[in-house]
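Student: Could you take me through one part of this model in close-up? I'd like to hear about the largest cavity and what lines it.

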Amino acid sequence: MTHPLPSHLTGTGLTLRPFTPADKPLIARALSDTEIIRWAIGAHLHPLPAGERAAQWLHTRLTAWADGIPHFAIADPDTNALTGYIGLRRIHNGNAEVGSWIAPWARGRGLAANALLTAAGWALTPTALGGMGLHRIALHHSTDNPASCTVAAKAGLQLEGTLRQATTDHTGTRYDSHIHARLATDPDPRKRVPTTPRPKPWDDR
């Protein structure tokens, strides 16, 4: 089912927007990160050189967007530069799963939770009010990645249980997986996640 996609969504400390070909250099840089390689990209991309890996990854997201499937670039609201990714997949019968990553140069600002809060809030909003009209958004993550539990909780996705050996990393090693979800009938989180101010260009912290 094709859904009308927004030109952008605004969250605390971020903008969600479509990817563009100009994002490719920063995508290549991000997809070289150890944690993103471990958890967030398909095994078929791992053997490729960085440039080819980024090109294929980006092509898939651009094609999905053209088909009405929301794969957002998380971008700096001031410069529009890429800081991460969040997208929906397995969209069926009012349900969807969410996947995301934050680029290593943008971590520590609360962007992961704010991006999830923003994307899920839009996706669970009725179509008559400009949303996607979904009923349930789910997030699966390895129990070896506990930071995702914190992100999910801050974005209003409740922990529902543990799936035994349901997640694999890029080596094929299996891990137990937590599943979190938020329903359209759940109360919205009461406040957005605080975001750490970005350092000034001359601040080397």
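Tutor: Here is the cavity, followed by a short detour to a strand that helps line it. The model is predicted, with local features needing pLDDT of at least 70 and side-chain atom pairs counting only at pLDDT 80 or more, while totals for chains, interfaces and linings use all residues. Residues are numbered from 1 along each chain as its sequence is written, and side-chain values use heavy atoms, leaving out hydrogens and water.

Rolling a probe the size of a water molecule over the atoms shows where empty space is left. A cavity here is a set of points on a 1 Å grid over the protein atoms alone where a 1.4 Å probe fits but cannot get out. The count comes to 1 cavity of 30 Å³ or more, and the largest has a volume of about 30 Å³ (the space filled by probe spheres set on the points, joined across faces, edges and corners).

Who's around it? P70, F72, I86, G87, L88, A119, W122 and A123, where lining means having an atom within 4 Å of a point. They split into 7 nonpolar, 1 polar and no charged; Ala, Val, Leu, Ile, Met, Phe, Trp, Tyr, Cys and Pro count as nonpolar, Asp, Glu, Lys and Arg as charged, and the others, Gly among them, as polar. Strand β4 and helix α4 (111-123) each supply at least two lining residues; helices (H or I, at least four residues) and strands (E, at least two) are DSSP runs numbered from the N terminus.

Now the detour: β4 covers residues 82-92 and also holds R90, which has a positive phi of about 50° despite not being a glycine. R90 is exposed, at 61% relative accessible area (exposed means over 50%, with a 1.4 Å probe and protein chains only).

Technical notes: Buried means under 20% relative accessible area, exposed over 50%, partly exposed in between (1.4 Å probe, protein chains only). On a 1 Å grid over the protein atoms alone, a cavity is a set of points where a 1.4 Å probe fits but cannot get out, and a pocket is an open set with protein on both sides within 12 Å along at least five of seven lines; lining residues have an atom within 4 Å of a point.
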